[in-house]
Amino acid sequence: MSQYQAPLNDILFNLFDVWQLDKYWQQQSQLSELIEADTAKAILEEAAKICEQQLAPLSGEADRQGAKLQDGKVTLPQHYQTVYQSLTEGGWTGLSGDPHFGGMGMPKALSMMVDEMLCSADIAFSLYPGLTAGACVALLQHADDATKALYLPKMYSGEWSGTMCLTESHAGSDLGIMRTTAKPTDDGSYLLSGSKIFITAGEHDLTSNIIHLVLAKLPDAPAGSRGISLFLVPKFLPDSAGEPGERNTVTVGSIEHKMGINGSATCVLNFDEAKGYLIGESHRGLACMFTMMNYERLSMGSQGLGAAERAYQNALSYAKERLQGRISEKDANKAEPIIGHADVRRMLLNIKAMNEAGRTFATWVASLLDKAKYDNCPASAQRANLLTPIAKAFMTDQGFDACVTAQQIFGGHGYVKEWGMEQLVRDVRIAQIYEGTNGIQAADFMLRKVAADQGLVLLTLLAEIKDEMASVPIHTAESLHLYIDQLQSLTAELLAQDSRAQSTNACDYLTLVSYVLYGYMWYKNLAALKNTSHSESFTEAKQYTAAYYFERILPKAEGLLAVLRCDSAIMDKFATDHF
């Protein structure tokens, strides 16, 4: 019963009013002939139709059918084939791919909006094209020309799909202790042996070939993560014509029985001297794989936002129709829609305010990646690198919270399968875990993104935001100045701590920075309304939602500031048996 309608008005508002990316595209020589506002709108409208009409209505059925393994073959929910064919025919699987190899060449800011819609429609399905897009990014940046020419056109077209194979049963985030090996052969290829777990889209029936990107260690590998190399291991070895030929010795051992995303085949893959090919330099595989992982971490943010958007839409519809209680007390015998209840409004506004700020934030990060790519801009790359852990961690935390809150609005109906809310809660929960847990994202943000450069990139950004707000003051957002001042001061205090204390404070610090930057997102929304013309309803809704954020959500920063100024040493005063 769960429905979905793509929020095209807000997506277009963010692309063209808040960030004015249509102007950037026309000024950029590599994009001006490919994309402008009307083309972007047409692309988004067509993607919305697929998501709304073909995918979203059957997401519950996909959850019930799930992925099934029988006789070494994995079959997916029946309608996935039809939807995937629609995507490939429309070129969606190569939307942001390099045109030299058959991709459409669209900017990341546009493809990320499509990602959000796919995730709203069905997170499990979105993983198949999403993993392939990430694998293509890694190959484009690190593979040799011959490998690109052979694999990228078929992956962009959707004929072949991709995976990334990192995790082993004993080695999750600690990849340095992995046991998968790669033995060189006389013909320049390698024979890979080992087992990988949690491999999304590791085996399925959507494509004629699956291209695995696998981390393994060469015989002369240094110890730890510095000894990891990256290999391309096809399910079927391409023949002389570049078509799937001999079956490689990589097989699926099992598929995981999970809490959610049941339509996604999460596999154990066994490599038994499977033929593979080195990508990039020996012992530099982790750096190559992180090219893909950083893009996937942004996609996790899309999963959080996509699920939250669908949850909000359904909770809002339910709240308008569900008659329960008497708010006005004018008629003791007449129940009224629950949207009149103060607590229901609180829950809806919390979701709405965070969703819309999250969409602005996602567009911002994607646009920074575009500027880093097309303008070869180091500053944009550094800023995108800083913000990626927030996109992954904060957006998925908020996505899960939004789905639970929306489920609460349904009351008991939210707990039963009929309404689809419990599926959203189950499906989005994984986004906080895979591609590096959110605790790891926070540690990465604190230690590698902020402390590593003594806060240079973050503090420069905060100073620029203050300058922007001073030049274009907006009364509603005045309180943001105070929180930025306090964040700047607190950051200096945290930078003076040792790494143990910084690690202890990492999660709370990432959350604090996120709330402040979401405040900046609402400032950008309000500033955009000054210079554009929208309906009275759209404008008032934005203004009231922004006011709600600044008055009812941003003050949560006060508690985080207080916590972060306390001595963190209490954590380590607990002996293990004290727990």
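**Charges, shape and core of a predicted model**

Student: How far apart do the centres of the positive and negative side chains lie in the protein?
Tutor: Happy to start there, and keep in mind that this is a predicted model. The protein carries 48 positive and 67 negative side chains. The centres of these two sets are separated by 3 Å.

Student: What radius of gyration does the protein have, and why does it agree with a compact globule?
Tutor: The C-alpha trace spans about 80 × 60 × 55 Å along its principal axes. For 579 residues, a compact globule would come out near 25 Å, so the protein agrees with that expectation. Its radius of gyration is 24 Å.

Student: What share of the contacts with a separation of 6 or more joins residues 24 or more positions apart?
Tutor: Let's set the scene with the fold, which has 18 helices and eleven strands. Buried residues, those under 20% relative accessible area, make up 56% of the 579 residues. Among contacts with a separation of 6 or more, the share from residues 24 or more positions apart is 73%.

Student: Which helix gives the largest share of the largest nonpolar core?
Tutor: That core holds 192 residues, and Leu44, Met117, Phe361, Leu387, Tyr509 and Tyr549 touch the most other members. The largest share, 17 residues, comes from residues 499-530, which form helix H16.

Student: Which residues does Leu387 contact, leaving aside neighbours within four places in sequence?
Tutor: Good one to inspect, as Leu387 is among the core residues that touch the most other members. Contact here means heavy atoms within 4.5 Å. With those neighbours left aside, the partners of Leu387 are Phe361, Trp364, Val365, Leu368, Leu461 and Leu517.

Note on methods: Residues numbered from 1 in each chain as written. Predicted model: local features only at pLDDT ≥ 70, side-chain atom pairs only at ≥ 80, totals over all residues. Heavy atoms only, no water. Helix = DSSP H or I, 4+ residues; strand = E, 2+ residues; numbered from the N terminus. Rg over C-alpha atoms; globule rule 2.2 N^0.38 Å. Buried < 20%, exposed > 50% of the residue type's maximum accessible area, 1.4 Å probe, protein only. Lys, Arg positive; Asp, Glu negative; His and termini not counted. Charge placed at Lys NZ, Arg CZ, Asp CG, Glu CD. Core = buried A, V, L, I, M, F, W, Y, C linked by side-chain atoms within 4.5 Å.
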